[in-house]
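Trainee: Could you take me through one part of this model in close detail? I'd like to see how that part sits in the rest of the chain, too.

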Amino acid sequence: MNNGSAASKSSWLYDSPVNSEVEAKLRHFLVELKNTTDSILGIQVCAYKDGKVIIDTAAGFLGKEDPRPVQPDSLFPVFSVTKGVTAGMIHWLADKGKLKLDENVAHIWPGFGTNGKDQIKKIPSPKAQ
């Protein structure tokens, strides 16, 4: 690794401080994975626990046609990938009584309420407005 600079072919992981033991294990796993398969071009993982960063790792390249290294601030087009996480969080919050699935989004987030936006339970749907 090279003290904060981006990963090269010989250094697949972005060089940044290790925040926890679990991050060290993740990085070791990513290096093993890279050495045994080419199925991952690039990856970012960031996780917090109790308000503190415990994982902030980047590795690989942005894409087949974009050989720039993945960095902690790289952006990826995720499209609908977040719908599963969003649906899970919505139902978790509903179970905790923090929101009601039949409420309109605008009741919680007024700026989102233009043009009669959908009920909360419809947000993860591909037909949500």
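What follows is a close look at the salt bridges, with the strands and loops around them.

Trainee: Which residues form the salt bridges here, and how buried or exposed are they?

Mentor: Happy to, and keep in mind throughout that this is a predicted model. Let me set the scene before we zoom in. The protein chain has 129 residues, and 24% of them are buried. It holds 3 helices and 2 strands, and reading from the N terminus the order is α-β-β-α-α. About 9300 Å² of the chain is exposed, with carbon and sulfur atoms supplying 57% of that. If you look at contacts with a separation of 6 or more, 35% of them join residues 24 or more positions apart.

Now the salt bridges. The count comes to 3. Start in α1, with E21 and K25: their closest N and O atoms are 3.5 Å apart. Both residues lie in helix α1, 4 residues apart, so about one turn of the helix separates them. Hmm, let me put that more carefully for this pair: E21 and K25 sit 4 residues apart in α1, about one helical turn. As for their surroundings, E21 counts as exposed because its relative accessibility is 58%, over the 50% cut-off. K25 lands in that class as well, since its relative accessibility is 54%. 

Next in α1 comes R27 with E23, whose closest N and O atoms are 3.1 Å apart. R27 and E23 are 4 residues apart in the helix, so about one helical turn lies between them. Here the accessibility tells another story. R27 counts as buried because its relative accessible area is 6%, under the 20% cut-off. E23 is buried too, since its relative accessible area is 0%. So in α1 you have E21 and K25 exposed, while R27 and E23 are buried.

The remaining salt bridge joins R68 and D66, and the closest N and O atoms there are 2.6 Å apart. R68 is exposed because its relative accessible area is 51%. D66, at 23% relative accessibility, is partly exposed, since that value falls between the 20% and 50% cut-offs. As general background, side chains of opposite charge can pair when their charged atoms come close.

From α1, carry on along the chain into the loop that leads to β1. α1 covers 21-36 and β1 covers 42-49, and I40 is in the loop between them. I40 counts as partly exposed because its relative accessibility is 21%. Leave aside the neighbours within four places in sequence, and I40 is in contact with W12 and L33. You can also check I40 against G63: they are 23 residues apart along the chain, and their C-alpha atoms are separated by 9.6 Å.

Then come the strands. β1 and β2 pair in the antiparallel sense, over 8 bridges. If you want a spot to pin the register on, V45 stands opposite T57 in β2. The two strands form a hairpin with 2 residues between them. D50 lies in that loop between β1 and β2, and its phi is positive, about 55°, although D50 is not a glycine. That's worth pausing on, given that most residues other than glycine have a negative phi. D50 is also exposed, because its relative accessibility is 74%.

Past β2, which covers 52-60, the loop to α2 (83-95) holds V78. V78 joins F76 and V81 in a nonpolar surface patch of about 260 Å². V78 counts as partly exposed because its relative accessible area is 40%.

That loop brings you to α2, which has 13 residues. From its first C-alpha to its last, α2 reaches 18 Å, close to the 18 Å expected at 1.5 Å a residue. Just after α2 you meet G97, with a positive phi of about 80°.

So, back to what you asked: the salt bridges are E21 with K25, R27 with E23 and R68 with D66.

Technical notes: Residues numbered from 1 in each chain as written. Predicted model: local features only at pLDDT ≥ 70, side-chain atom pairs only at ≥ 80, totals over all residues. Heavy atoms only, no water. Patch = residues over 30% accessible without salt bridge, like charges linked within 9 Å, V, L, I, M, F, W, Y side chains within 5 Å. Areas by Shrake-Rupley, 256 points an atom, 1.4 Å probe, with all protein chains shown as cover. Salt bridge = Lys/Arg side-chain N within 4 Å of Asp/Glu carboxyl O. Buried < 20%, exposed > 50% of the residue type's maximum accessible area, 1.4 Å probe, protein only. Expected span 1.5 Å × (residues − 1). Contact = heavy atoms within 4.5 Å. Pairing = 2+ DSSP bridges.
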